[in-house]
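Welcome, and let's take a short walk through a protein model together. Please have a look at the sequence and the structure below before reading on.

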Amino acid sequence: MEHLFTKLLSPTDTTHRLTIPAANLGDFEFPMGEHAIDIEATDTIERQWIFRLSIRRENNPNPRPVFTGQWTQFVNEKGLKVGDRIIFSRQQVEGNGVQYSIRAERRIFNYWVNVE
């Protein structure tokens with residue numbers, strides 16, 4: 001499993017969309033000329049989520065990648081709050097290409113624990 005990014009959730013992340021670190025944009029393949037793709041990710045209880053990864057149009061110097069789609073549903077069902085974090089990873093699956101996983105965590109005292 002290859003770790004792609006870890007992100008502490010901001011107020012916007014918990015209410016509208018998840019802003020992806022711009023440095024990680026190269027971890028996702030966009031077809032030529034496209035500015036949005038669907039990413040299917042599995043959480044820690046094996047539930048599938050479809051996030052829409054989109055970027056600003058080509059002529060914008062700041063692509064600002066974001067997850068929408070089922071993102072707010074994911075946040076609501078997990079009960080995520082500002083300061084919680086998500087960990088996004090991928091692995092190559094023989095014959096199936098890339099498989100993504102997402103894990104939500106909450107800090108309790110000095111430990112990060114899974115939010116299921």
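The paragraphs below visit a handful of residues in turn. Keep in mind along the way that this is a predicted model.

Let's start with helix α1, which covers residues 11-15 and includes threonine 14. Is threonine 14 buried or exposed? Its relative accessibility is 15%, and because buried means under 20%, threonine 14 counts as buried. Look next at what surrounds this residue. Setting aside neighbours within four places in sequence, threonine 14 is in contact with Leu9, Val75, Leu80, Lys81 and Val82. There is also a polar partner inside the helix region: a polar atom of the threonine 14 side chain lies 2.9 Å from the backbone oxygen of proline 11.

Now move along to strand β6, made of residues 85-93, where you will find serine 89. Serine 89 has a relative accessible area of 9%, so it is buried too. Which residues does serine 89 touch, not counting those up to four places away in sequence? They are Met1, Glu2, His3, Leu4, Gln99, Tyr100 and Ser101. Of these, Gln99, Tyr100 and Ser101 carry numbers that fall within strand β7, which spans 97-108.

Strand β7 is also the place of isoleucine 108. With 42% relative accessibility, isoleucine 108 counts as partly exposed. If you would like a sense of distance, compare isoleucine 108 with alanine 23: the two are 85 residues apart in sequence, and their C-alpha atoms are 29 Å apart in space.

Just beyond strand β7 comes a loop that leads to β8 (111-115), and phenylalanine 109 sits in this loop. Here the backbone deserves a second look. Most residues other than glycine have a negative phi. Phenylalanine 109, though, has a positive phi, near 55 degrees, and is not a glycine. What about its surroundings? Phenylalanine 109 has a relative accessible area of 76%, and since exposed means over 50%, this residue is exposed.

One more stop shows a positive phi in another loop. Glutamate 46 is found between β3 (36-42) and β4 (48-54). Its phi is positive, about 70 degrees, although glutamate 46 is not a glycine. At 63% relative accessibility, glutamate 46 counts as exposed.

To look back over the tour: threonine 14 in helix α1 and serine 89 in strand β6 are buried, whereas phenylalanine 109 and glutamate 46 are exposed and sit in loops.

Terms used: Residues are numbered from 1 along each chain as its sequence is written. This is a predicted model: local features need pLDDT of at least 70, side-chain atom pairs count only at pLDDT 80 or more; totals for chains, interfaces and linings use all residues. Side-chain values use heavy atoms; hydrogens and water are left out. Helices (H or I, at least four residues) and strands (E, at least two) are DSSP runs, numbered from the N terminus. Buried means under 20% relative accessible area, exposed over 50%, partly exposed in between (1.4 Å probe, protein chains only). Contact means heavy atoms within 4.5 Å. A polar contact is a pair of N or O atoms within 3.5 Å; within protein, one must be able to donate a hydrogen and the other to accept it, and residues adjacent in sequence count only if both atoms are side-chain atoms.
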